[in-house]
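Visitor: I have the sequence and the coordinates open and would like a walk through them. Could you guide me, one question at a time?

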Amino acid sequence: MQSSFRAQLEAGNTVTGLILFSGSPMIVELAAAAGTDFVIIDMEHSALDLDTCAHVIRAADAAHITPFVRVPEVDAALIKKLLNMGAAGIVVPHANRDNCAAALRAVRYAPEGDRGACAIVRSAGYAPGDWDAHVRKSNREVMVIPLLEDKETIAGFDALAAMPGLDMFFIGPTDLSISLGVPHATFDEPAMSAALDKVVATARRHGKRVMTTIGNKPDPGYGRSVASRGVQAIVLGTDGHLFLDACRRINLVKGD
């Protein structure tokens, strides 16, 4: 259950992924076959339950892509279950210093956090021989990814970027554009462009990285332009939107 996600980032490579609403292990396998590096299982907006998440995480491990989970809120009990299944980390919606601090405590074993200890779980290899080594490895590798969706968060981003334990920041363009008063704007719009530049520059100053979604754009040039501005992790879109767009493009029977 190892992934090259961190190694690729540390090597300076751009990684790509998608957000999963369907809960389909086959979609995860297809994403891996297409060359993507990670999947974010969405429990905030979808109806996915824990049992479905477990199957998707197994599929991601088997396909050698990294599984993250976007949780509805910072719930320590839910986060513990997801990590025990083998999730590589969690995405925190509407991130701020308080909920990120709570998430960091929830994902790490003592003495660094409050995560409950149990060896008979998947992430621990079902009773590892060296529990202390497992704790050190898990605490070192687990990721908390704050989702930046509010103009207030962007305005005070320096304080959030300075928090130890936060290595990657995810700009959520849909909610952020609404918060900035330019609903559904891309990063070509001035307010969104300024927000992107601020987050990238601040993250770099603190030795951190940036992720965002390009929103199912059919033109690969847009994704390349976002990456060229310093975004190292690109979410191609949601599985639902990608499938919908593909169907629309090839549905020639109905014409335009």
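Visitor: Gladly starting with a strand contact: which residue stands opposite Phe-170 in E6?

Guide: Welcome, and please keep in mind that this is a predicted model. E5 and E6 pair in the parallel sense, over 2 bridges. Opposite Phe-170 of E6 stands Leu-147.

Visitor: Which residues of strand E6 point the same way as Met-168, and are they buried or exposed?

Guide: Strand E6 covers residues 168-171, with Phe-169 and Ile-171 pointing one way. Met-168 points the other way together with Phe-170. For both sides of the strand the label is the same, so to speak: Phe-170 is the residue you asked for, and all four named here are buried.

Visitor: On the other side of E6, what is the bridge partner of Met-168 in E7?

Guide: Strand E7 spans residues 209-213 and is joined to E6 by 4 bridges, with the two running parallel. Within E7, the partner of Met-168 is Arg-209.

Visitor: And which residue of E5 is the bridge partner of Gly-89?

Guide: Here we look at strand E4, residues 89-92, and strand E5, residues 143-148. They pair in the parallel sense over 4 bridges. Gly-89 has as its bridge partner in E5 Met-143.

Visitor: In what order do the strands close into a barrel?

Guide: The barrel has 8 strands, and their pairing is parallel. On average, neighbouring strands of this sheet are turned by 25 degrees against each other, direction ignored. The order is E1-E2-E3-E4-E5-E6-E7-E8.

Visitor: Now the rings: how do Phe-5 and Phe-38 pair, and why?

Guide: The count of aromatic pairs comes to 5. For Phe-5 and Phe-38, the ring centres are 5.5 Å apart and the planes stand at 80 degrees; planes over 60 degrees apart count as edge-to-face. The pair is therefore edge-to-face.

Visitor: How many residues apart in sequence are the parts that this pair of Phe-5 and Phe-38 ties together?

Guide: Phe-5 counts as buried at 3% relative accessibility, and Phe-38 counts as buried at 0%. Phe-5 lies in helix H1 (residues 5-10) and Phe-38 in strand E2 (residues 38-42), so the parts tied together are apart in sequence by 33 residues.

Visitor: Is Trp-131, the partner of Tyr-109, buried or partly exposed?

Guide: Tyr-109 and Trp-131 form an edge-to-face pair, 5.3 Å centre to centre with 70 degrees between the planes. Tyr-109 is buried, with a relative accessible area of 1%. Trp-131 has 25% relative accessibility, so Trp-131 counts as partly exposed.

Technical notes:
Residues are numbered from 1 along each chain as its sequence is written. This is a predicted model: local features need pLDDT of at least 70, side-chain atom pairs count only at pLDDT 80 or more; totals for chains, interfaces and linings use all residues. Side-chain values use heavy atoms; hydrogens and water are left out. Two strands pair if DSSP finds at least two bridges between them. Axes are lines fitted to C-alpha atoms, for helices over the stretch in contact, and angles run from 0 to 180 degrees between N-to-C directions. Buried means under 20% relative accessible area, exposed over 50%, partly exposed in between (1.4 Å probe, protein chains only). Rings of Phe, Tyr and Trp (its six-membered ring) pair if their centres lie within 6.5 Å; planes under 30 degrees apart count as stacked, over 60 as edge-to-face and the rest as tilted.
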